[in-house]
Every structure is written in structure tokens, then in C-alpha cells.
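Trainee: I have the sequence and the coordinates open. Could we go through a few local features together?
Mentor: Certainly; please begin wherever you like.

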Amino acid sequence: MSGVTIFKSITQTTGGEDFPIDEVMGAIKSGHWLTKVAYYRSLPDETEDQIKVKKKAKREIPYFTGSGTFLKRSDDGIKQHNGRIVLDIDGIEDIDDARSLVCGDDFSEYVFKSVGGAGLAVIVKIDPT
């Protein structure tokens with residue numbers, strides 16, 4: 001199985017559940033987690049209290065390990081590498097232009113907006129060795 005592990009939040013490091021990567025990407029594309037992501041994106045972050053609320057909301061969004069399946073979220077916790085790596089590109093001025101650019105690359109397999117909405121997550125194929 002070419003899989004990934006989903007954790008309930010970024011703070012959870014053990015006890016994740018393994019899924020085929022295509023299933024997780026399909027869930028992202030269909031908007032499975034969109035309610036939580038849209039809520040996070042809608043929150044202001046100008047004051048210290050607002051930043052705390054926003055950080056708490058981000059911890060409510062599930063997290064997945066794009067490079068394989070893991071017993072725990074650490075280098076030594078990997079069970080099986082899936083031949084992919086996630087590139088997190090932040091601070092992009094023109095998301096649509098950047099998406100077009102990376103989608104045209106032979107190595108880019110999946111491309112989607114980051115949770116914050118101002119960047120891209122790009123999953124590329126690599127040699128797992």
C-alpha cells in the first residue's frame with residue numbers, strides 16, 4: 001500500500017491511522033476537512049488573544065504524514081516510505097500562477113493549498129532510498 005498516516009491533530013504524535021494516499025488526497029479534494037480549514041482561515045490574528053484562538057483552531061485540523069506510514073511522527077517512527085516528499089511553499093503572492101507552474105512539473109503528483117491558504121503543499125515523487 002502506498003500510504004500515509006493521519007493523526008487527529010498536529011500535536012498528536014502516536015496512534016495515527018494508515019490510509020492509502022489516494023484516499024486522503026480524494027478527501028482533501030472533496031472538501032472533507034474544509035469546514036475546519038475554512039474556520040481556521042476566517043479567524044483574525046491581530047491580537048495576542050486572537051492568535052491563541054487561531055492556534056487552537058489549527059490544532060483541531062487533522063495532520064497527515066505525506067512521506068509514508070508512521071508508528072509515531074518522528075524520523076525513527078516510519079513504518080514504510082511511500083516514495084514521496086511534501087514541499088511546503090509559504091508566502092506565495094499568486095497562488096494560481098504558482099499552482100500552474102508546479103502542476104506542470106513531471107514530479108508533482110498532488111498540489112493543494114496549505115491550511116493557511118497563502119501557500120501550497122506539493123507532493124512529489126522521489127526515490128525512497
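Trainee: Which residue in E8 does Val111 stand opposite?
Mentor: Val111 faces Val122 there. Please keep in mind that this is a predicted model.

Trainee: How many bridges join E7 to E8?
Mentor: There are 5 bridges between strand E7, residues 108-113, and strand E8, residues 120-125. The two strands run antiparallel.

Trainee: And what links E7 and E8?
Mentor: The two strands form a hairpin, with 6 residues between them. In the turn, Gly117 has a positive phi of about 90°.

Trainee: Ser114 is in that loop as well. Is Ser114 buried or exposed?
Mentor: Ser114 is buried, because its relative accessible area is 13%, and the cut-off for buried is under 20%.

Trainee: What does Ser114 touch?
Mentor: Leaving aside residues up to four places away in sequence, Ser114 contacts Arg41, Asp88, Gly119, Leu120 and Ala121.

Trainee: Changing topic to helix H1: which of its residues are buried?
Mentor: In H1, which spans residues 21-30, they are Ile21, Val24, Met25 and Ala27. Viewed down the axis of H1, the buried residues fall within an arc of 155°, so they line one face of the helix.

Trainee: Which residues are exposed on the other side of H1?
Mentor: Asp22, Lys29 and Ser30 are exposed there.

Trainee: What do the buried residues of H1 pack against?
Mentor: They pack against strands E1 (3-7), E2 (17-20), E3 (63-65) and E6 (84-89), and also against E7 and E8.

Trainee: What comes just after H1?
Mentor: Gly31 is found there, with a positive phi of about 85°.

Terms used: Residues are numbered from 1 along each chain as its sequence is written. This is a predicted model: local features need pLDDT of at least 70, side-chain atom pairs count only at pLDDT 80 or more; totals for chains, interfaces and linings use all residues. Side-chain values use heavy atoms; hydrogens and water are left out. Two strands pair if DSSP finds at least two bridges between them. Helices (H or I, at least four residues) and strands (E, at least two) are DSSP runs, numbered from the N terminus. Buried means under 20% relative accessible area, exposed over 50%, partly exposed in between (1.4 Å probe, protein chains only). Contact means heavy atoms within 4.5 Å. The arc is that of the directions from the helix axis to the C-beta atoms.
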